[in-house]
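Reader: Hi! I'm new to this one and would love a friendly walk through it. Could you put it up so we can look together?

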Amino acid sequence: MSTRTLQYEEVFNCSPEVLFNALKTPSIIRSWWGAERVILIARPGGAFALAWGDDEDDPEYMGTATLSEYDPPRRLVMTDFIYYAKSGPLGFEAEFSVEFAVHPHDRGSMLTLAHRGIPTIPEADEYYEGCEIGWRTCLANLRAFLEGDGQSA
């Protein structure tokens with residue numbers, strides 16, 4: 001099956017260590033990803049889970065993944081995603097991966113985000129468009145966090 005990738009590059013005015021910390025610390029992830037709950041077991045083979053919704057016992061939406069690669073402060077790759085939504089399943093099969101790569105940059109650090117494996121079938125168009133909006137929002141929130149008091153986190 002043919003797939004597509006959402007990819008973004010952003011420069012942040014902070015060290016790679018500060019940026020990577022914002023990508024791997026659950027309390028910080030909540031602030032920029034907008035999830036009510038985050039669990040991250042920060043090691044290769046570790047777990048990553050996000051949940052949205054007011055009721056912890058009955059979330060509106062959640063996603064889990066495996067940290068297939070974890071190399072601080074350079075790279076974090078999530079695979080083996082499982083999605084749940086009260087509204088129902090995605091409506092298509094996919095094997096997603098999300099990679100955060102952090103590189104030194106003359107203005108601080110560069111983040112490359114790649115969300116791979118989104119099918120090119122029409123049934124996945126709404127998901128693709130939602131992820132495009134979601135990642136842009138998350139990156140703007142991450143920037144606001146890091147430009148605010150986030151660098152001391």
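Author: Happy to; we'll go through rings, empty spaces, a helix and a proline. One thing to keep in mind is that this is a predicted model.

Reader: Thanks! Let's start with the rings: how many aromatic pairs are there?
Author: There are 16 aromatic pairs in the structure. Trp-32 and Trp-33 make a stacked one, with 5.3 Å from centre to centre and 20 degrees between the planes. Another stacked pair is Phe-81 with Tyr-83, where the centres are 5.8 Å apart and the planes differ by 10 degrees.

Reader: Are Trp-32 and Trp-33 buried or exposed?
Author: Both Trp-32 and Trp-33 are buried.

Reader: And why does Tyr-83 count as partly exposed?
Author: Tyr-83 has a relative accessible area of 25%, and partly exposed covers the range between the 20% limit for buried and the 50% limit for exposed.

Reader: Which residues form one aromatic cluster?
Author: Phe-81 and Tyr-83 belong to it, together with Trp-52, Tyr-61, Phe-92, Phe-96 and Tyr-127.

Reader: Nice. Which charged ends sit over rings?
Author: I can point to two. The charged end of Arg-4 lies over the ring of Tyr-128, 4.5 Å from the ring centre. For Arg-143, the ring underneath belongs to Phe-12, and the distance to its centre is 4.5 Å.

Reader: Changing topic: how many cavities of 30 Å³ or more does a search find?
Author: The search of the whole structure turns up one. The largest cavity has a volume of about 40 Å³.

Reader: What lines the largest cavity?
Author: Our two tryptophans, Trp-32 and Trp-33, are in the lining, along with Leu-23, Ile-29, Leu-40, Phe-48, Leu-76, Met-78 and Phe-100. Two elements, α2 (26–33) and β5 (75–85), each give two or more residues to that lining. Helix α2 gives the most, with three. By class, the lining has nine nonpolar residues, with no polar and no charged ones.

Reader: What about the largest pocket, how much space lies in it?
Author: About 840 Å³. Its lining takes in 34 residues, and those nearest the centre are Tyr-61, Tyr-83, Leu-90, Tyr-127 and Cys-131. Tyr-61, Tyr-83 and Tyr-127 also appear in the aromatic cluster I listed.

Reader: Which element supplies the largest share of that pocket lining?
Author: That is α3, with eight residues. Strands β3 (46–52), β4 (61–71) and β5, as well as helix α3 (125–147), each supply at least two. The classes here are 22 nonpolar, nine polar and three charged residues.

Reader: Now helix α1: why is it largely enclosed by the rest of the structure?
Author: Helix α1 covers residues 16–24, and seven of its nine residues are buried, so the rest of the structure largely encloses it. The buried ones are Pro-16, Val-18, Leu-19, Phe-20, Asn-21, Ala-22 and Leu-23. Leu-23 is also part of the lining of the largest cavity.

Reader: You promised a proline. Where is Pro-119?
Author: Pro-119 is in strand β7, which spans residues 108–119. It counts as buried because its relative accessibility is 0%.

Reader: What does Pro-119 touch, leaving out residues up to four places away in sequence?
Author: From the start of the chain, Pro-119 touches Met-1, Ser-2, Thr-3 and Arg-4, and its other contacts are Phe-92, Glu-93, Ala-94, Phe-96 and Ala-124. Thr-5 lies 114 residues away from Pro-119 in sequence, yet their C-alpha atoms are 9.0 Å apart in space.

Technical notes: Residues are numbered from 1 along each chain as its sequence is written. This is a predicted model: local features need pLDDT of at least 70, side-chain atom pairs count only at pLDDT 80 or more; totals for chains, interfaces and linings use all residues. Side-chain values use heavy atoms; hydrogens and water are left out. Rings of Phe, Tyr and Trp (its six-membered ring) pair if their centres lie within 6.5 Å; planes under 30 degrees apart count as stacked, over 60 as edge-to-face and the rest as tilted. Buried means under 20% relative accessible area, exposed over 50%, partly exposed in between (1.4 Å probe, protein chains only). A charge sits over a ring if NZ of Lys or CZ of Arg is within 6 Å of the ring centre and within 35 degrees of the ring normal. On a 1 Å grid over the protein atoms alone, a cavity is a set of points where a 1.4 Å probe fits but cannot get out, and a pocket is an open set with protein on both sides within 12 Å along at least five of seven lines; lining residues have an atom within 4 Å of a point. Grid points are joined across faces, edges and corners, and a volume is the space filled by probe spheres set on the points. Helices (H or I, at least four residues) and strands (E, at least two) are DSSP runs, numbered from the N terminus. Ala, Val, Leu, Ile, Met, Phe, Trp, Tyr, Cys and Pro count as nonpolar, Asp, Glu, Lys and Arg as charged, and the others, Gly among them, as polar. Contact means heavy atoms within 4.5 Å.
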